[in-house]
Amino acid sequence: MKFCPACGSALVPSTQEGRTRLICSSESCGYIFHDNPVPVVAALVEHGQTVLLVRNKGWPDKWYGLVSGFLERGETPEEGILREVKEEVGLRGEIISFIGAYAFLEMNQVILAYHVRAHGEIVVGEEIAGVKAVPPDKLRPWPLGTGHAVRDWLAARGGLGPTVA
Ligand SMILES: [Zn+2]
């Protein structure tokens, strides 16, 4: 952001208490661009005996992640993630548990991740390029974004993969 959204003057960097922020160059304005992280809701969707991973349009071919999206005004996180599940994979979901909150510093986001059980037939949403249904035994976390929630969910259900007797 280069210009103040309140008055249109230039924004300039200013360092206070060790943090550099963009502030409005007009002294009568006082606008500070805080650039606060944005909350994102995500769902580890269990459907039958599988976990659903999705690839958003515009992502590289091999990238898959959890169903996720931004909240809309007036929504609770729980309502928002169930709406996203409906939009992205066409399923009716119910929240089983909250998995955790994860900073996604590269994207300036905070991910709120839920375990959701979903019912019905998968219908791939308009924003989605692909859906993969992965048995939990084959599910592996990735070290970015919603992958941390996958790691914690797998750990809570007893570790990675089947136990070898
Ligand atoms: Zn201003």
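**Figure 1. Three strands of the predicted model form an open antiparallel sheet in the order E1-E2-E3.** Strand E1 covers residues 11–16 and strand E3 covers residues 32–33. These two strands stand at the edges with a single partner strand each, so one side of E1 and one side of E3 have no neighbour in the sheet.

**Figure 2. Strand E2 is joined to E3 by two bridges.** E2 comprises residues 19–24, and the two strands run antiparallel. Within this pairing, Leu22 stands opposite Phe33 in E3.

**Figure 3. Strands E7 and E8 pair in the antiparallel sense.** E7 spans residues 92–104, E8 spans residues 109–119, and 11 bridges link them. One of the facing positions is Glu94, which stands opposite Arg117 in E8.

**Figure 4. The hairpin of E7 and E8 has four residues between its strands.** In this hairpin Asn108 takes a positive phi, near 55 degrees. The strands on either side are E7, ending at residue 104, and E8, starting at residue 109.

**Figure 5. The chain is assigned two domains.** Domain 1 holds residues 1–35 and domain 2 holds residues 38–156. Taken over C-alpha atoms, the centres of domain 1 and domain 2 are 35 Å apart. The C-alpha trace of the whole chain spans about 70 × 35 × 30 Å along its principal axes. Its radius of gyration is 20 Å, whereas a compact globule of 165 residues would have a value near 15 Å.

**Figure 6. The chain contains two helices and nine strands.** Read from the N terminus, the elements follow the order β-β-β-β-β-β-α-β-β-β-α. Of the contacts in the chain with a separation of 6 or more, 57% are between residues 24 or more positions apart. Buried residues account for 24% of the 165 residues.

**Figure 7. Residues 161–165 have pLDDT below 50.** For the chain, the mean pLDDT is 94, and 96% of the residues reach 70 or more. Beyond near neighbours in sequence, the stretch 161–165 has two contacts in the model. The assigned bounds of domain 2 are 38–156.

Methods: Residues numbered from 1 in each chain as written. Predicted model: local features only at pLDDT ≥ 70, side-chain atom pairs only at ≥ 80, totals over all residues. Domains from an automatic or database assignment. Pairing = 2+ DSSP bridges. pLDDT = per-residue confidence, 0-100. Contact = placed C-beta atoms within 7 Å. Rg over C-alpha atoms; globule rule 2.2 N^0.38 Å. Buried ≥ 20, exposed ≤ 12 C-beta atoms within 10 Å, placed from the backbone.
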